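Trainee: Before we look, I would like to ask how each term we use is justified.
Mentor: Then let us set each value against its cut-off as we go.
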Amino acid sequence: MIAGAHSSLMSLSRPTHSTLLDDDSRVWLERLRGDGAERDRAHAQLHELLVGAARFEVRRRGRGLRPSDLDDLARQSADDALMAILAKLDEFRGDSRFTTWAYKFALLEAAVAVRRRAWQDREVPLDSDHWALLADRAATPDQDAETGELIGAIGAAIEASLTPHQRRILVAVTLEDVPIDVLAERLNSTRGALYKTLHDARRKLRARLAEKGFDL
Amino acid sequence: MPRTDHSRVAPTSVLSWRVRRLREAGLRGDLAARIAADPAYDLHELLGLIDRGCPPATAVRILAPLETPPVP
């Protein structure tokens, strides 16, 4: 009796959407959650699908890269996508087919991999005084006075309100167009940590500009 | 099959970039080289601590992985 109630509670507490899943998705989940040789076969089969998706995305985004690099990036992306999928298997809600959901991981990882490769041999600027680029942009003759004044105020706020490291991150991402995942990799950090720094920096800048009478 | 992160070693250009950033933040050369090559250190957190006034050597000690001995 108690065991039955416990079992019912357990099934309620774990979100299952098996009634919503299409047959193909349900089979994928069962095989990936299984054990032994069948699970290994499912992993290998999913990996091959992910390689195909990643190869498509890498070729689309990585024009100019060598064919051997493209294949290497596609396989790395598929590896990372498979790891991410297996870690998030319980988050699959059945809103789409399982393979559609899985492909998105491969496409995301492929996009990140191509960006990283594109920046691999490029200097990633991280200089706190590069905020002056903003002032240079403000000086272009085709901008009206109001815009120039605002950009000048942003430059001044960057210098006055942000710490040097906040300045470096903000400038690298927003002015130098360094992709955030490239910067995260260089700094051995996470995108989340960099996003938080950017969020804090923007909040400080907004407050500073409001103090100066700018309506944002 | 999937590779682990351990198979990915930062290229020399990335290591020298990290060393430069750490030297600029005030770390000694040998310490900067060691931290730059150690994947257990989050350089963003480290530079953020130094940014807020923490002495570089202390910041390194704060962020040292628990399983390794602290920096002298």
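Trainee: Which residue with a positive phi follows α3(B)?
Mentor: In this predicted model, α3(B) is followed by G53(B), and the phi of G53(B) is near 105°, which is a positive value.

Trainee: What makes residues in helix α3 of chain B count as buried?
Mentor: A residue is called buried if 20 or more other C-beta atoms lie within 10 Å of its own. In α3 of chain B, which covers residues 43-51, the residues that qualify are L43(B), H44(B), L46(B), L47(B), G48(B) and I50(B).

Trainee: Which helices do the buried residues of α3(B) pack against?
Mentor: The partners come from both chains: α8 and α10 of chain A, together with α1 (12-24) and α4 (56-62) of chain B.

Trainee: How many residues of each chain are in contact across the two chains?
Mentor: On the side of chain A there are 17 residues, and they are in contact with 18 residues of chain B. Within chain A, α4 (67-87), α8 (164-175) and α10 (191-211) each supply at least two residues of the side that touches chain B, and α4(A) gives the largest share, three residues. Sorted by class, that side of chain A has eight nonpolar, six polar and three charged residues.

Trainee: Why is the packing of α3(A) against α5(A) called oblique?
Mentor: Helix α3 (residues 36-61) and helix α5 (residues 98-119) of chain A pack at an angle of about 45°, with their axes 8 Å apart. Angles under 35 degrees count as roughly parallel and those of 65 to 115 as roughly perpendicular, while angles over 145 are roughly antiparallel and the rest are oblique. The angle of about 45° falls in none of the named ranges, and therefore α3(A) is oblique to α5(A).

Trainee: What is the handedness of that crossing, and which residues meet there?
Mentor: The crossing in which α3(A) passes α5(A) is right-handed. Among the residues of α3(A) that take part are L46(A), L49(A), A53(A) and V58(A), and those they meet in α5(A) include A102(A), Y103(A), A106(A) and V114(A). By class, the residues of this contact divide into 14 nonpolar, one polar and three charged.

Trainee: How do you know what kind of secondary structure each chain has?
Mentor: Chain A comes to 10 helices and zero strands, and chain B comes to four helices and zero strands, so that chain B, read along the sequence, follows the pattern α-α-α-α.

Trainee: What share of each chain counts as buried?
Mentor: Buried residues make up 27% of the 216 residues in chain A, and 24% of the 72 residues of chain B count as buried.

Trainee: How do you know where the predictor's confidence is low?
Mentor: The pLDDT, on a scale from 0 to 100, stays under 50 over residues 1-15 of chain A, for which the model has zero contacts beyond four places in sequence. In chain B, pLDDT stays under 50 over residues 1-7, for which the model has five such contacts. Chain A averages a pLDDT of 83, with 82% of the residues at 70 or above, whereas chain B averages 82, with 76% of the residues scoring at least 70.

Trainee: What scores does the model as a whole have?
Mentor: The model scores ipTM 0.75 and pTM 0.62.

Conventions
Residues are numbered from 1 along each chain as its sequence is written. Chains are lettered from A and ligands numbered from 1 in the order in which they are written. This is a predicted model: local features need pLDDT of at least 70, side-chain atom pairs count only at pLDDT 80 or more; totals for chains, interfaces and linings use all residues. Two residues are in contact if their C-beta atoms, placed from the backbone, lie within 7 Å. Ala, Val, Leu, Ile, Met, Phe, Trp, Tyr, Cys and Pro count as nonpolar, Asp, Glu, Lys and Arg as charged, and the others, Gly among them, as polar. A residue is buried if 20 or more other C-beta atoms lie within 10 Å of its own, exposed if 12 or fewer, and partly exposed in between; C-beta atoms are placed from the backbone. Axes are lines fitted to C-alpha atoms, for helices over the stretch in contact, and angles run from 0 to 180 degrees between N-to-C directions. A crossing is left-handed if the near helix is turned anticlockwise from the far one by less than a right angle, and right-handed if clockwise.
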